[in-house]
Amino acid sequence: NKKYMATFLIDTGASYTVITPQMAESLGVKPAADSETVPVTTANGIIYAPVVRLNHVCLGGLQVDNVDAVVTDLGSTPQISGLLGMSFFRGMELSFKQDKLVISR
């Protein structure tokens, strides 16, 4: 939402972008009591996480608006604020050239 710089992992196997509860709080994003929830597979089994809408998510010079994200913990990695999943990358082409990820629309 153009408020914070954070560290995210790219996870093209994730349907949704994920943000931690701490990142959601920093962004002022709070799931409503009646928010849609989706099943999320974790190491401890399936949980249901609320879906929120992020107005803007930027990666380098690339901005995507209205990104659906789920809010859930990512374990004991406090330096990671979330995962960029396919709700961010939808409609984009991802490829590798040598050791660099190339993203194009």
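This report covers the nonpolar cores, one loop residue and one pocket of a predicted model.

Local features need pLDDT of at least 70 and side-chain atom pairs count only at pLDDT 80 or more, while totals for chains, interfaces and linings use all residues. Residues are numbered from 1 along each chain as its sequence is written, and side-chain values use heavy atoms, with hydrogens and water left out.

A nonpolar core is a set of buried Ala, Val, Leu, Ile, Met, Phe, Trp, Tyr and Cys residues joined through side-chain atoms within 4.5 Å; buried means under 20% relative accessible area with a 1.4 Å probe, protein chains only. The largest such core has 17 residues, and Ile19, Val52, Leu54 and Phe88 have the most contacts inside it. Elements giving two or more residues to this core are tabulated below; helices (H or I, at least four residues) and strands (E, at least two) are DSSP runs, numbered from the N terminus.

| Element | Residues |
|---|---|
| Helix 1 | 21-27 |
| Strand 4 | 45-59 |
| Strand 5 | 62-71 |
| Helix 2 | 86-89 |

Strand 5 gives the most to this core, with five residues. Another core, of seven residues, lies apart from it and includes Val18, Val38, Val51 and Leu83.

Ser35 sits in the loop between helix 1 and strand 3 (37-42). A polar atom of the Ser35 side chain lies 2.8 Å from the backbone nitrogen of Ala32. Not counting residues up to four places away in sequence, Ser35 touches Pro50 and Val51 (heavy atoms within 4.5 Å).

By class, the lining of the second largest pocket has nine nonpolar, four polar and two charged residues (Ala, Val, Leu, Ile, Met, Phe, Trp, Tyr, Cys and Pro count as nonpolar, Asp, Glu, Lys and Arg as charged, the others, Gly among them, as polar). A pocket is an open set of points on a 1 Å grid over the protein atoms alone, where a 1.4 Å probe fits, with protein on both sides within 12 Å along at least five of seven lines; lining residues have an atom within 4 Å of a point. Strand 3 gives the most to this lining, with five residues.

Conventions: Buried means under 20% relative accessible area, exposed over 50%, partly exposed in between (1.4 Å probe, protein chains only). A polar contact is a pair of N or O atoms within 3.5 Å; within protein, one must be able to donate a hydrogen and the other to accept it, and residues adjacent in sequence count only if both atoms are side-chain atoms.
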